[in-house]
Amino acid sequence: MVIGSFSVSVDSKGRIFVPAKWRDSYDNKLVAMQGITEEPNECFLLIMPESYFDQFMDEINAPHAVSIKLNNAARSILQNAYECEIDAKGRILIDKGLLDYAGISGTATLTATRNKCFEAWEPKRLEAKNLAYTQLDSARDLQKLAAELESAGR
């Protein structure tokens, strides 16, 4: 089961440990890519099972889903996506360009997200993101969040 978060070391070659508790949820291949977000300064990595990435790309490439916006999205996703094999020690090698994009060096925080995916964050960036989330205090923001959660459940 992929839940929780872990602080992991990033070695000089860009390898990180996939938490042992998560490894049983994956075959040996994962795909790492730039995180998908609407926030312009939010830089993190999204790491997912190869099978989920294939399904994700099948949806983008569906014949009924042809548009300039989707073509641009597919190009951006594919040019910044890399296969990562889990080695015998439970590590994956992350492309240096992706690590630089996310500002990750030395340590990373891995946090579970939906569909057996996880994110890799520079720890201070994730801390700031989490702090901003916990400071939702206006009624309008809370109502908007409740409406989004309600529609996601349908």
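Trainee: Ala, Val, Leu, Ile, Met, Phe, Trp, Tyr, Cys and Pro count as nonpolar, Asp, Glu, Lys and Arg as charged, and the others, Gly among them, as polar. How do the residues lining the largest pocket divide?

Mentor: There are 16 nonpolar, five polar and nine charged residues in that lining. A pocket here is an open set of 1 Å grid points that fit a 1.4 Å probe, with protein on both sides within 12 Å along at least five of seven lines, and lining residues have an atom within 4 Å of a point. Keep in mind that this is a predicted model, where local features need pLDDT of at least 70 and side-chain atom pairs need 80 or more, while totals for chains, interfaces and linings use all residues. Residues are numbered from 1 along each chain, and side-chain values use heavy atoms, without hydrogens or water.

Trainee: How much space is in that largest pocket?

Mentor: About 1500 Å³, taken as the space filled by probe spheres set on the points, which are joined across faces, edges and corners.

Trainee: And which residues lie nearest its centre?

Mentor: Ile 36, Thr 37, Glu 42, Glu 119 and Lys 129, out of 30 lining residues.

Trainee: Which element gives the most to that lining?

Mentor: H6, with six residues. Strands S4 (45-49), S7 (107-112) and S8 (118-121) each supply at least two residues, and so do helices H2 (50-60), H5 (123-134) and H6 (139-152). Helices are DSSP runs of H or I with at least four residues, strands are E runs of at least two, and both are numbered from the N terminus.

Trainee: What confidence does H6 get?

Mentor: Its mean pLDDT is 79, the lowest among the elements, while strand S6 (residues 91-93) has the highest at 97. pLDDT is the predictor's confidence in each residue, from 0 to 100. The mean for the protein is 88, and 93% of its residues reach 70 or more.

Trainee: OK, what about the second largest pocket, what's its volume?

Mentor: About 220 Å³. It is lined by 13 residues, and Gln 34, Gly 35, Ile 36, Ser 76 and Ile 77 are the closest to its centre. You'll recognise Ile 36 from the list for the largest pocket's centre. Helix H3 (68-79) gives the most, three residues, and S3 (29-34) and H2 each supply at least two. By type, this lining has seven nonpolar, five polar and one charged.

Trainee: Back to Glu 42. Buried or exposed?

Mentor: Buried, at 12% relative accessible area. With a 1.4 Å probe and protein chains only, buried means under 20%, exposed over 50%, and partly exposed in between. For the protein, 34% of the 154 residues count as buried.

Trainee: Where does Glu 42 lie, and what is it in contact with?

Mentor: Glu 42 is in the loop between S3 and S4. Neighbours within four places in sequence aside, Glu 42 is in contact (heavy atoms within 4.5 Å) with Thr 37, Tyr 101, Trp 121 and Lys 129. The C-alpha atoms of Glu 42 and Arg 125 are 8.1 Å apart, though 83 residues separate the two along the chain.

Trainee: New topic: which residues in the loop between S7 and S8 should I look at?

Mentor: Try Asn 115 and Lys 116. Asn 115 has a positive phi of about 55 degrees without being a glycine, and Lys 116, also not a glycine, has a positive phi near 60 degrees. Asn 115 is partly exposed at 44% relative accessibility, as is Lys 116 at 46%.

Trainee: Last one: how many helices and strands in the protein?

Mentor: Six helices and eight strands, in the order β-β-α-β-β-α-α-β-β-α-β-β-α-α along the sequence.
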